[in-house]
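Subject: Structure handover

Hello,

Here is the structure for you to look over. My notes follow below it.

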Amino acid sequence: MDYSSLKRFLLLATGTFLLLLFAHFSFHLPSNPPFSRSSPFLFHSPSVNTAKPASQNHETDIASHPLDPLTIQEINIARSILLSYSPFSSSPSSLTIHSLSLDEPDKPVVRSWKTGNTLPARKAVAVTRYKDKPYVLSIDLSTKEVVQLPVPDSGYPTMTIEDMMSAPWAPFSDKAFNATITARGVRMSDVACLPISLGWYGQTEEGRRLIKIQCYSAEGTANFYMRPIEGLTVLLDMDTKEVVEITDKGNGIPIPSSTNTDYRYAVTKNNRAAWLKAPNPISLEQPSGPSFTVSEGHQVKWAGWDFHIKADARAGIIISGLGIIDPETGTRREVMYKGFVSELFVPYMDPTNAWYFKTYMDAGEYGFGLQAMPLVPLNDCPRNAYYLDGVFVTADGKPYVRENMICLFEKYSGDIAWRHSECPITDMEIKEARPKVTLVARMSASVANYDYIVDWEFQTDGLIRMKVALSGMLMVKGTSYTHTKDVPSGEDMYGTLLSENVIGVIHDHFITFRLDMDVDGPANSFARVKLTRQATASGESPRTSFLKATRHVAATEKEAQVKLALYKPEEFHVYNTEKTTRVGNPTGYKVVSAGTAASMLDPNDPPQLRGAFTNNQIWITPYNKSEEWAGGLFVYQSKGEDTLSVWADRNRPIENKDIVLWYTLGFHHVPCQEDFPIMPTVSSSFDLKPVNFFEKNPVLWLPPNQEKDLPVCTATATA
């Protein structure tokens with residue numbers, strides 16, 4: 001393949017996962033991957049107002065909190081220790097570092113630490129492979145002591161950035177692959193390929209790291225996802241880059257047209273219908289500045305809330321040490337020790353040869369944080385946003401900065417926190433209302449075609465909302481059909497015909513959160529409050545039925561496993577058995593579920609065995625520092641032997657213990673034509689709501705807006 005073709009291919013294929021990071025640069029893509037072992041790199045911010053110090057230099061960052069992420073200096077120290085550690089020192093080039101992050105101090109140590117105290121020993125945890133053997137190592141950055149930790153029985157660590165960038169272009173060195181592409185009538189310079197995790201389907205896939213590559217034609221559009229080279233799948237050895245097998249069962253399927261598929265505004269703006277007027281810009285102005293503060297890079301305070309926030313290569317955002325000031329007493333009260341997205345499970349519902357393996361684990365296989373892209377000011381986040389960066393590592397352990405990965409902003413969209421107006425019959429002219437202002441922490445991960453927006457939202461009434469929105473483009477299937485009337489009766493397309501030669505395949509999304517609740521301290525219990533219909537006694541009342549709430553405290557893990565059911569309503573309380581309100585109610589927080597979806601796959605289907613953490617929407621487990629990832633520490637090609645479902649099967653006691661709440665948001669997606677060529681953003685959420693936590697509603701202390709406090713804005717033009 002000539003240089004120009006290779007250059008074009010690399011631009012398209014790698015752009016899927018990481019080159020969006022460089023969208024604000026003007027640079028030429030080199031012939032070798034930019035993430036090669038020989039080239040350390042740092043990313044620099046675009047020239048926009050990102051509400052953070054313009055002179056911020058992560059090279060000089062120093063940790064000031066026990067949970068602060070590793071700094072660049074600490075990453076370099078850990079890397080040096082690793083390279084000199086036996087057996088790695090004998091052949092450093094054979095070492096691959098899949099992740100290098102903070103080895104957090106034990107929870108009691110963190111909880112007892114106070115600002116101004118000496119930091120606990122700073123340690124790093126490294127997940128590595130050396131000559132195909134995995135290692136999990138704890139590294140003391142001061143003493144340089146290295147301790148080997150247990151390694152899972154199956155699976156491989158999260159792919160590195162280099163894995164994801166190099167795998168798509170590896171097939172281009174294979175003559176049979178090139179011949180297949182040419183035979184399909186596609187120019188090599190127009191080919192864009194994706195690295196697709198293959199799950200686990202039997203022993204034939206064991207013994208080496210494998211990946212499947214599927215390709216698209218980018219001729220005439222940036223939205224190559226809408227132009228699949230259907231039926232062509234390359235099985236690749238990820239380490240040797242050897243093509244193991246090429247399957248092509250789509251010779252009769254045309255490549256869909258590129259017409260009207262491009263999504264870039266620069267391309268589409270001239271095609272906008274003349275009768276459609278775009279809405280005028282809207283901006284939230286804060287004349288007195290933001291109400292929140294960010295200190296030491298990671299400590300956030302706002303409206304009584306305070307918490308630690310950081311970026312993580314696997315989880316994305318991690319919120320820790322969450323507490324709130326009680327307006328009655330002025331004392332700080334604990335709510336949650338640590339919360340984050342633990343895993344994402346995305347199974348597609350097409351069992352055919354080119355699709356059955358598409359059952360992604362986006363956090364454990366690809367790294368949810370690694371796929372987090374720089375947020376776009378004024379569009380991803382409003383003008384009043386504050387931005388935070390992430391510091392991650394390449395496969396050789398060198399640090400790099402992912403800029404503008406998280407934004408923080410106060411949101412007010414005209415919603416009401418509380419209101420009441422007295423009607424005339426009371427003769428009381430009262431009109432009281434409070435604006436609903438919230439604090440949002442946001443990130444967005446672009447995992448190939450799909451974009452996930454994750455919001456942590458904190459409200460003035462003590463409520464915490466976790467919201468996930470789905471955007472981007474569908475992953476579509478090529479077909480010979482151009483109209484629904486062409487489809488033979490009884491044939492299952494496994495989706496919806498969206499356009500000529502394009503099928504949107506049915507699929508699910510499951511996002512599992514791990515929430516280590518510490519409501520007024522770590523000793524908590526979990527209660528299921530069941531609502532049941534009760535009949536009134538004969539002659540007791542004109543009513544014949546009413547609802548009764550019955551509280552059951554779960555003693556063990558299995559008693560706390562919840563499958564949500566509309567006609568079997570329950571409330572789910574995490575509460576402190578030792579703290580009560582003045583009238584005797586135990587202080588707590590409850591889970592308030594919103595629209596969700598449950599997995600309907602056969603429990604013994606290989607993907608569901610790996611994704612068994614979605615068998616329930618709610619799980620409660622006793623705190624265990626090693627049980628953080630719902631799909632297991634090693635997810636890639638795992639068999640499902642180290643998952644939340646397996647841990648909870650031990651049925652450990654959970655009453656009056658340090659417990660962890662797991663909650664899964666679910667989406668069923670049956671594509672429709674409005675999903676083509678780009679999808680409307682859809683979202684779902686769940687809440688952690690105070691239940692007997694406060695003596696009264698904290699919104700009482702929130703002042704109403706006054707005209708004198710607001711800026712006077714004049715429109716530049718009339719409507």
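A term before the findings: two strands count as paired if DSSP finds at least two bridges between them. Note also that this is a predicted model.

**Strands β11 to β13**

Strand β11 covers residues 305–312. A hairpin takes it on to β12, with three residues in the link. The two strands run antiparallel, and seven bridges join them. One bridge pairs K310 with I318 of β12.

Strand β12, residues 316–325, also has β13, residues 332–347, as an antiparallel partner. Seven bridges join β12 and β13. Here S320 sits opposite K338 of β13. This hairpin has six residues between its strands. G330 in the hairpin has a positive phi, near 80 degrees.

Is β12 enclosed or open? Eight of its 10 residues are buried, so the rest of the structure largely encloses the strand.

**Y450**

The UniProt record, an unreviewed entry, has a feature at Y450: "modified residue: 2',4',5'-topaquinone". Y450 belongs to strand β20, which spans residues 450–459.

Is Y450 buried or exposed? Its relative accessible area is 3%. Buried means under 20%, so Y450 counts as buried.

Which residues does Y450 touch, once neighbours within four places in sequence are set aside? Its contacts include three histidines: H507, H509 and H669. Y348, A445, L470, S471, M473, L474 and M679 are also in contact with Y450.

Best wishes

Conventions: Residues numbered from 1 in each chain as written. Predicted model: local features only at pLDDT ≥ 70, side-chain atom pairs only at ≥ 80, totals over all residues. Heavy atoms only, no water. UniProt positions renumbered as here; feature names shortened; annotations may be inferred. Helix = DSSP H or I, 4+ residues; strand = E, 2+ residues; numbered from the N terminus. Buried < 20%, exposed > 50% of the residue type's maximum accessible area, 1.4 Å probe, protein only. Contact = heavy atoms within 4.5 Å.
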